[in-house]
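Please walk through this fold with the coordinates open. Start at the sheet, then move outward.

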Amino acid sequence: MSKARQYRRKAEQVAEKSQSPRAKNPLQASVPHLVDQFDRVVIIGGAGTGKTWSAMSAVWQRIAAGKCDRVIISRPTVAADDEELGFLPGTADEKMAPWLMPYQDVLINIVGDRKTAESVMKTFEVMPLAVVRGRNFLDGTCAVIDEIQNMSVSLLTAVLTRGCTGSKSILCGDPFQCDRPGGGGHIIDMADELKAEGAAGVVEFTDDLIIRSPDIIRVNRAMAKVKAKWS
């Protein structure tokens, strides 16, 4: 049995016995439709707005429809501020495992069945951005690229040009949580230019759409004042 058929069978089994959480707002609901329309979708928003949930929901819907037989997860490994990660033992997949956990948590929430979600996640490929150049996202591939605010313009260009006809790339980023010098404003410009060219669908979540916790809005306001004073 092909991987695509295995995915679809698992999705049908889950649908029979559980109800997956629904989108919390029209913008979240629009993401799977944009992924159907465009080969590239850019999701921009602050913490708690549901970027990863929306991306994984779109991926799961394509799996359930038999349109996806390969999922790639990647994100930059830029250390936050001065916190160095140090040496991580093991294979490349084992080194990237900590970066995969947030997506597994989200998929469990979406699928509503932990065993199925964990089983599906084992088939996902974690691709370090260092090896993206020279790799192509072939037909039937869904690639989720997270934390794009920590990627340079040249690396973003490399990622955006990996897709072949029939593949889907979903890029997620928060311009206000950038660990690169100069900030993350470049991803807003990127989204605007791609949208103007008709090369990508774009979703921009504003702070009023934060769903994780209402306190996040107040935290953002407080920390913006602190940043203005000490940056």
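What follows covers the sheet, its helices, one loop residue and a surface patch. The model is a predicted one.

Begin with the sheet. Six strands make it up, and the sheet is open. Read across, the order is β3-β2-β4-β5-β1-β6. The pairing is parallel. Strands β3 (125-126) and β6 (201-205) stand at the edges. Each has a single partner strand, so one side of each has no neighbour in the sheet.

Now take the β6 edge. Its partner there is β1, residues 40-45. The two strands pair in the parallel sense over five bridges. Within this pair, V41 stands opposite G201 of β6.

Helices come next. Helix α3, residues 51-64, packs on the sheet. It touches β1, β2 (70-74), β4 (141-145), β5 (168-173) and β6. The direction of α3 makes about 165 degrees with that of β5. Helix α7 spans residues 185-197 and lies across β1, β5 and β6. It runs at about 140 degrees to β1.

Which loop holds E147? The residue sits between β4 and α6 (153-160). Its phi is positive, about 55 degrees, although E147 is not a glycine. The relative accessible area of E147 is 24%, so it counts as partly exposed, since that class lies between the 20% and 50% cut-offs.

Finish at the surface. V219, M223, V226 and W230 make a nonpolar patch of about 440 Å². Of these, M223 lies in helix α8, residues 215-230. M223 has 48% relative accessibility and therefore counts as partly exposed.

Definitions and conventions. Residues are numbered from 1 along each chain as its sequence is written. This is a predicted model: local features need pLDDT of at least 70, side-chain atom pairs count only at pLDDT 80 or more; totals for chains, interfaces and linings use all residues. Side-chain values use heavy atoms; hydrogens and water are left out. Patches are made of residues with over 30% relative accessible area and no salt bridge: like charges are joined within 9 Å, nonpolar side chains (Val, Leu, Ile, Met, Phe, Trp, Tyr) within 5 Å. Accessible areas come from the Shrake-Rupley method with a 1.4 Å probe; for residues, only the protein chains shown count as cover. A salt bridge is a side-chain nitrogen of Lys or Arg within 4 Å of a carboxyl oxygen of Asp or Glu. Helices (H or I, at least four residues) and strands (E, at least two) are DSSP runs, numbered from the N terminus. Buried means under 20% relative accessible area, exposed over 50%, partly exposed in between (1.4 Å probe, protein chains only). Two strands pair if DSSP finds at least two bridges between them. Contact means heavy atoms within 4.5 Å. Axes are lines fitted to C-alpha atoms, for helices over the stretch in contact, and angles run from 0 to 180 degrees between N-to-C directions.
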